[in-house]
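This report describes how parts of a protein model meet one another. Please consult the sequence and the structure shown here while reading.

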Amino acid sequence: MEARFRALALLGAVAFLAAVPLGARLLDTPFYLTLFGRIMIWALAALSLNLILGFGGMVSFGHAAYLGVGVYTVGILSYHGVHSGFVQWPAAILTSALVALVIGAISLRTSGVYFIMITLAFAQMLYFLGVSLKTYGGDDGMTLPVQSQFGGLLDLGDATTFYYLVLGLLLALHYVIHRLVHSRFGLVIRGARSNERRMRAVGFPTFRYRLVAFVVAGSICGLAGVLLVNFVKYVSPAFMHWTRSGEILVMVILGGMGSVVGPALGAFAFLLLEEVLSSYTEHWALILGPVIVLLVLWGKRGLAGLLAPRDGT
Amino acid sequence: MDPTLLLVQGLNGLQLGIMLFLMAAGLTLIFGIMNVVNLAHGSLYMIGAYLASSFQEWTGSFLLAVLLALPATALVGVVVELVTIRRLYARDHLDQVLATFGLILFFNELVRVVWGKAARYMALPAALAGHVELAPGVRYPLFRLTIVSVGILVAVALYVLITRTRAGMLIRAGASNRTMVGALGIDIARLFTLLFGLGAAMAGLAGVMAGPILSIESGMGEPILILTFVVIVIGGIGSIRGALVAALLVGLVDTIGRAFLPPLLGTMLPPQAASQAGPALASMLIYIFMAGVLAFRPEGLFPARG
Amino acid sequence: MAEPLLEAAGLSKRFGGVVATDRVSLAVQAGEIHAVIGPNGAGKTTLVAQLAGELASDAGRIRFAGEDVTTLPVHARAARGIARSFQITSIFRDLTALDNVALAIQARAGSSFRFWRDARRDQTLRDPALGVLSEVGLAERGHVRAANLAHGEQRQLELAMALATRPRLLLLDEPTAGMGPEESARMVALLRGLRGFHALLLVEHDMDAVFALADRITVLVYGRVIATGTPDEIVANPEVRQAYLGESETDGVAANAGG
């Protein structure tokens with residue numbers, strides 16, 4: 001697909017998203033606002049995973065853990081009376097970064113399937129931690145006492161405001177990732193994915209760079225968690241369940257790894273498909289499962305692959 | 001520390017370990033020889049349990065249920081292999097993880113469609129429902145002891161199969177050099193299918209034996225799957241011996257940890273904190289253990305490939 | 001003689017029951033071309049892997065430019081001026097030739113913890129990269145995707161990657177591997193031009209290349225050094241003749257075909 005057409009298509013998509021709240025008001029239902037708002041938050045999570053997976057070649061099967069860190073940081077602070085978003089949000093992102101630093105420092109010493117398993121295991125640990133925190137609802141979770149407060153600046157209680165905040169952050173972070181993958185740092189990460197042996201031979205301490213990428217990805221996903229908990233107003237370990245991590249992986253693959261907008265496309269396609277299927281039958285997983293299998297077997301380049309010119313990026 | 005409690009929990013740990021071994025042996029062979037990461041292994045365990053529960057309902061006999069469920073699960077495994085897994089051999093691990101993840105979603109929903117959403121239960125066979133007195137005052141459920149015995153028998157049978165039969169030799173050869181085995185004219189495709197079926201049967205056996213002890217429900221395969229992966233990673237991928245050692249270790253660490261860690265923390269922390277930290281830490285213990293092993297031996301305790 | 005640029009003393013490496021490297025000692029002077037030859041299985045690549053830092057030796061020490069680098073990882077040795085080209089071409093297949101070299105230049109051109117500027121437009125990387133490509137004769141092919149280059153061109157790119165880091169020592173593992181006579185001759189001329197600017201440790205099977213280039217030769221058999229010296233000394237050495245050169249005189253085709 002020609003570059004100009006591609007740019008137009010993406011612009012159209014953004015315009016569509018921007019128009020959703022208007023449409024919602026016209027149709028007099030918050031349904032689409034909720035649907036697309038939720039999808040955008042997962043798109044953010046997928047975007048963050050793609051940095052380390054699509055560009056970095058690090059198959060993390062525990063990415064949903066950082067969603068959970070974001071969710072619980074805000075939830076716990078709110079439970080103890082700290083409602084200011086100016087405190088909660090930086091705290092959540094910082095905590096996600098720290099957790100990613102620790103997990104990454106250990107996991108990145110392994111590779112291949114060991115890496116997949118150890119990231120899965122760490123996510124499980126955090127899941128069980130969440131389940132065992134009875135004060136904060138344990139297995140069932142708890143409602144978020146109060147949404148993040150931003151003084152007079154921003155009212156998350158207003159659905160439209162919140163929606164545009166999410167859209168704005170999504171677009172902004174897309175741009176950040178775009179610059180990141182084309183920067184010197186990005187080239188190192190991508191080079192390490194392509195041929196780590198050669199990168200080391202040329203003098204790059206690849207571990208360091210990967211760890212930084214891991215932390216960045218975890219932080220962005222933590223932000224997604226912050227948005228999520230405010231959006232659904234619920235704190236639950238279910239956000240960290242390993243099937244969530246699997247779903248984010250599917251979104252990235254479906255959308256096309258190694259492309260900046262791919263994951264968002266994947267998130268939209270996956271969640272919309274889930275939405276449509278579940279409206280027809282409660283057994284939608286019966287169809288989604290094989291769809292994922294077929295996707296893996298036949299759809300290597302993903303949706304973004306359809307859009308992208310032959311030589312990529 | 002109460003010695004009776006320790007003994008009982010130790011045996012429970014052994015029993016969990018044996019079940020993990022049944023799961024891990026199949027998985028590690030499939031991974032070690034066929035180089036396939038199969039997340040749907042837990043689904044085979046679940047299917048084994050579901051099938052056994054139905055067979056028990058229809059025939060009224062636990063023994064028959066076992067004898068029917070094993071080949072049935074193996075058959076399901078073979079079908080899965082022919083339809084999906086076969087096409088994943090040449091793919092990278094990410095593709096395999098995703099595709100088998102899709103299988104999990106499918107099977108979890110399938111059992112809900114076929115058997116309904118409510119949890120199912122299997123009755124303990126009358127012959128094995130009693131207790132055994134291991135020592136004065138120490139009674140242990142006979143069924144759990146049976147599980148341990150069956151597991152040991154399977155371990156021995158596996159050992160004999162791998163080391164003393166021609167098929168076993170092919171398996172070991174395949175583990176170290178599958179291209180060569182193919183070049184020798186052995187039908188690799190058939191070998192792999194059989195291997196997968198064997199792994200499925202063992203997973204099914206674990207599921208069948210779990211049936212009377214646990215509740216049978218959709219998604220029951222995943223927690224044990226993850227534990228199984230922890231076992232293989234600790235034991236060393238491709239190594240049956242590693243799987244056995246690691247399975248027993250993991251079973252013991254997990255069970256004894258869950259039994260003794262909370263009270264232990266109770267002596268050190270205020271009760272509110274202990275009642276949360278205890279179970280939390282106990283669930284995390286296995287993963288901490290794995291992280292520890294990988295820190296010193298990134299290839300596991302007994303890596304099969306030098 | 002001045003202190004050698006690279007000095008390996010008593011390097012040993014076992015794999016289970018097999019001794020791949022047996023108390024190997026050798027020295028490479030700055031600016032010299034030093035060839036390592038030996039029959040297949042002599043442990044040449046294993047030796048290079050230890051010198052580069054990919055493989056940890058069981059025993060022995062390695063000194064580079066007066067510093068003990070034995071425990072340093074690959075990237076740290078690369079940063080100190082040891083570059084490597086691999087026997088099996090190891091480049092970034094999806095990038096263009098220019099991008100390949102630019103990445104290698106980037107390793108030594110300041111910090112790569114830069115997250116914003118587009119590195120592909122950075123002329124401070126691309127100009128030197130073009131320069132290196134010219135040195136190896138690939139200036140016209142900079143825009144071609146590495147995977148689409150001819151085999152010989154890929155070997156040239158492999159060399160360019162090593163040169164891009166402006167190393168003091170180049171560890172070259174069979175640079176002419178898989179090349180026809182014309183391409184090999186071009187590569188030899190290229191390498192000869194490096195003498196004096198860089199030290200070369202050259203593992204080679206191609207005897208023509210070895211004798212055209214080497215200032216000194218080390219002969220490795222079953223992981224052990226059996227002789228070190230100038231080409232004339234080596235040719236005259238009876239042990240060498242028996243173990244290696246003797247065989248290749250009768251099995252000329254086999255020796256040249258091997259690689």
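Into which domains is chain C divided? The model is predicted, and its chain C consists of domain 1 (1-81 + 168-259) and domain 2 (95-166). Taken over C-alpha atoms, the centres of domain 1 of chain C and domain 2 of chain C are 26 Å apart. Eight residues from domain 1 of chain C and seven residues from domain 2 of chain C take part in the contact. On the side of domain 1 of chain C that touches domain 2 of chain C, helix α6 (residues 181-192) of chain C provides the largest share, three residues.

A pair of helices in chain C may be considered next. Two packed helices are described by the angle between their axes and the distance between the axes. For helix α3 (residues 97-107) of chain C and helix α5 (residues 151-164) of chain C, the axes come within 8 Å and cross at roughly 25 degrees. Because angles under 35 degrees count as roughly parallel, α3(C) is roughly parallel to α5(C). The crossing of α3(C) and α5(C) is right-handed. In this contact, α3(C) contributes residues including C:A97 and C:V101, and α5(C) contributes residues including C:L157 and C:M161.

Chains A and B also meet: 36 residues of chain A are in contact with 32 residues of chain B. To the side of chain A that touches chain B, α5(A) gives the most, with 14 residues.

The table lists residue classes for each contact.

| Set of residues | Nonpolar | Polar | Charged |
|---|---|---|---|
| Side of chain A that touches chain B | 26 residues | eight residues | two residues |
| Side of domain 1 of chain C that touches domain 2 of chain C | six residues | one residue | one residue |
| Contact of α3(C) with α5(C) | eight residues | one residue | no residues |

Note on methods:
Residues numbered from 1 in each chain as written. Chains lettered and ligands numbered in written order. Predicted model: local features only at pLDDT ≥ 70, side-chain atom pairs only at ≥ 80, totals over all residues. Contact = placed C-beta atoms within 7 Å. Helix = DSSP H or I, 4+ residues; strand = E, 2+ residues; numbered from the N terminus. Nonpolar A, V, L, I, M, F, W, Y, C, P; charged D, E, K, R; others polar. Domains from an automatic or database assignment. Axes fitted to C-alpha atoms, helices over the stretch in contact; angles between N-to-C directions. Parallel < 35°, antiparallel > 145°, perpendicular 65-115°, else oblique. Left-handed = near helix turned anticlockwise from the far one by under 90°.
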